[in-house]
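This report concerns one protein chain and is written for a reader who has the coordinates at hand. Please consult the sequence and structure shown here alongside the text.

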Amino acid sequence: MLAAACWAGGTVASKQAVAEIPPLTLLAIQLAGSVALLLVVARVRGERLAAGGDGRKLARLGLLNPGLAYALSLVGLAEISASVAVLLWAMEPILILALAALVLKEHVTPPVMVASIAAVGGLSLVVAEPAAGGSALGILLTVAGVAVCAVYTVAARRWLPGASDSTLGVVAGQQVHALALAIVVVAIAGVAGGTVLPATLSPVGLAAALGSGLLYYAFAYLFYLSALRTTRASLAASSFYLIPVMGVALASLAGERLEPLQWVGGAIVVGAVALITAFGIRASDVGATSQPPSAAASAQMATTPSDASRS
């Protein structure tokens with residue numbers, strides 16, 4: 001939930017920054033600030049970037065997310081409102097739910113499926129509202145970024161439990177890869193004649209760029225990957241449904257407003273995430289208590305005298 005709050009706040013701040021800074025350049029600035037902070041913290045703590053084995057695979061995932069995913073979403077954000085952006089990102093748990101079932105073989109219970117469908121219904125009420133504000137291209141690019149992020153989550157969940165690298169090292173390694181990709185993309189855009197330098201940059205725009213980078217990347221990914229080490233991908237991703245609620249609340253402070261029908265859709269999303277969380281945790285508890293004892297535990301039980309025999 002802390003990661004969701006950071007992503008929601010980062011989206012609203014990015015909307016302020018993208019008004020002054022070209023989207024791809026903004027991505028590079030955001031990642032540069034995040035990487036600088038992560039490397040300083042890693043140096044102070046004496047930790048290294050993710051290296052061999054699963055750690056190397058995890059680091060390369062940064063090319064997908066935040067690299068490609070946020071390049072797509074930031075370009076899309078220039079065409080849609082922050083409110084619509086955070087609500088489109090709430091589609092990510094649905095995609096993760098399906099991929100986790102197919103790839104990770106995570107069991108999805110019928111109540112969770114029904115609640116997820118309800119969340120999508122609530123989401124559609126907001127996006128379909130004409131007053132929401134957003135072009136078809138902006139929505140398409142944002143949805144493409146969401147899909148890339150869903151693939152990232154499933155891959156990260158698959159490799160994280162077996163990685164000996166710290167979460168800080170993994171996040172820093174991923175974002176170094178993402179920053180390298182962003183710099184290459186900005187350079188290509190500049191050579192192709194695209195706009196890469198801001199016409200004017202106010203102190204507020206620069207602060208929004210750096211602040212959104214720290215929220216989006218440094219803090220959000222530290223929270224999220226820490227959770228993914230021990231939590232099922234489908235359950236961890238359910239917190240993403242809270243992004244619209246937090247994002248809409250923050251966007252309202254920036255002057256954006258939603259129509260009544262959109263608020264109804266947001267309320268449906270909140271109810272759906274409550275159900276998904278409740279049933280997801282219950283399923284985890286049942287799965288944990290129903291698991292047979294390991295071979296080592298069985299052997300210990302067989303060789304350890306019971307309380308009755310000792311008495």
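The sections below treat helix packing, a surface patch, a salt bridge, backbone geometry and contacts distant in sequence.

## Basis of the report

The model is predicted. All values in the following sections were computed from this predicted model.

## Helix packing

Helix α10 spans residues 203-228, and helix α8 covers residues 136-159. The axes of α8 and α10 lie 9 Å apart, and the two helices pack at an angle of about 50°. This angle makes α8 oblique to α10, because it falls neither under 35 degrees nor between 65 and 115. The handedness of the crossing between α8 and α10 is right-handed.

Helix α4, residues 64-77, takes part in two further pairings. With α2, the helix of residues 23-45, the axes come within 9 Å and cross at roughly 135°. Helix α2 is therefore oblique to α4, and α2 passes α4 in a right-handed crossing. With α10, the axis of α4 comes within 12 Å, at a crossing angle of roughly 140°. The pair α4 and α10 is oblique as well, because an angle must be over 145 degrees to count as roughly antiparallel. Helix α4 passes α10 with right-handed geometry.

## A nonpolar surface patch

Which residues form the nonpolar patch on the surface? The patch consists of Leu2, Leu37, Val41, Phe219 and Phe223, and together these residues have about 400 Å² of accessible area. Helices α2 and α10 are the elements that give two or more residues to the patch.

Two members can be described individually. Valine 41 is located in helix α2, and phenylalanine 223 belongs to helix α10. Valine 41 has a relative accessible area of 31% and is partly exposed. Phenylalanine 223, at 37%, is also classed as partly exposed, since the value lies between the limits of 20% and 50%.

## The salt bridge

How many salt bridges are counted in the model? The count is one salt bridge. It links the side chains of arginine 45 and glutamate 47, with an N to O distance of 3.3 Å.

The two partners fall into separate accessibility classes. Arginine 45 has 57% relative accessibility and counts as exposed because that value is over 50%. Glutamate 47, with 22% relative accessibility, counts as partly exposed.

## Backbone geometry

Where does a cis peptide bond occur? Such a bond joins asparagine 65 and proline 66, with omega at about 15°. Proline 66 is part of helix α4, the helix whose packing against α2 and α10 is described above.

Lysine 105 shows a positive phi of about 60°, although this residue is not a glycine. The residue is placed in the loop between α6 (92-103) and α7 (110-128). Is lysine 105 buried or exposed? Its relative accessibility is 66%, so lysine 105 counts as exposed.

## Contacts distant in sequence

Several C-alpha pairs link positions that are separated along the chain. Phenylalanine 223, the patch residue in α10, is 9.2 Å from cysteine 6 in space, while 217 residues separate the two in sequence. Tryptophan 7 lies in helix α1, which comprises residues 2-17. Its C-alpha atom is separated by 9.8 Å from that of glycine 213, at a sequence separation of 206 residues. Tryptophan 7 has 7% relative accessibility and counts as buried, because this is under 20%.

Threonine 153 is situated in helix α8 and is buried, with a relative accessible area of 0%. The C-alpha atoms of threonine 153 and leucine 99 are 9.3 Å apart, with these positions 54 residues apart in sequence terms. Proline 111 resides in helix α7, where it counts as partly exposed at 30% relative accessibility. From proline 111 to alanine 278 the C-alpha distance is 9.9 Å, although the two are 167 residues apart in sequence.

Technical notes
Residues are numbered from 1 along each chain as its sequence is written. This is a predicted model: local features need pLDDT of at least 70, side-chain atom pairs count only at pLDDT 80 or more; totals for chains, interfaces and linings use all residues. Side-chain values use heavy atoms; hydrogens and water are left out. Patches are made of residues with over 30% relative accessible area and no salt bridge: like charges are joined within 9 Å, nonpolar side chains (Val, Leu, Ile, Met, Phe, Trp, Tyr) within 5 Å. Accessible areas come from the Shrake-Rupley method with a 1.4 Å probe; for residues, only the protein chains shown count as cover. A salt bridge is a side-chain nitrogen of Lys or Arg within 4 Å of a carboxyl oxygen of Asp or Glu. Helices (H or I, at least four residues) and strands (E, at least two) are DSSP runs, numbered from the N terminus. Buried means under 20% relative accessible area, exposed over 50%, partly exposed in between (1.4 Å probe, protein chains only). Axes are lines fitted to C-alpha atoms, for helices over the stretch in contact, and angles run from 0 to 180 degrees between N-to-C directions. A crossing is left-handed if the near helix is turned anticlockwise from the far one by less than a right angle, and right-handed if clockwise.
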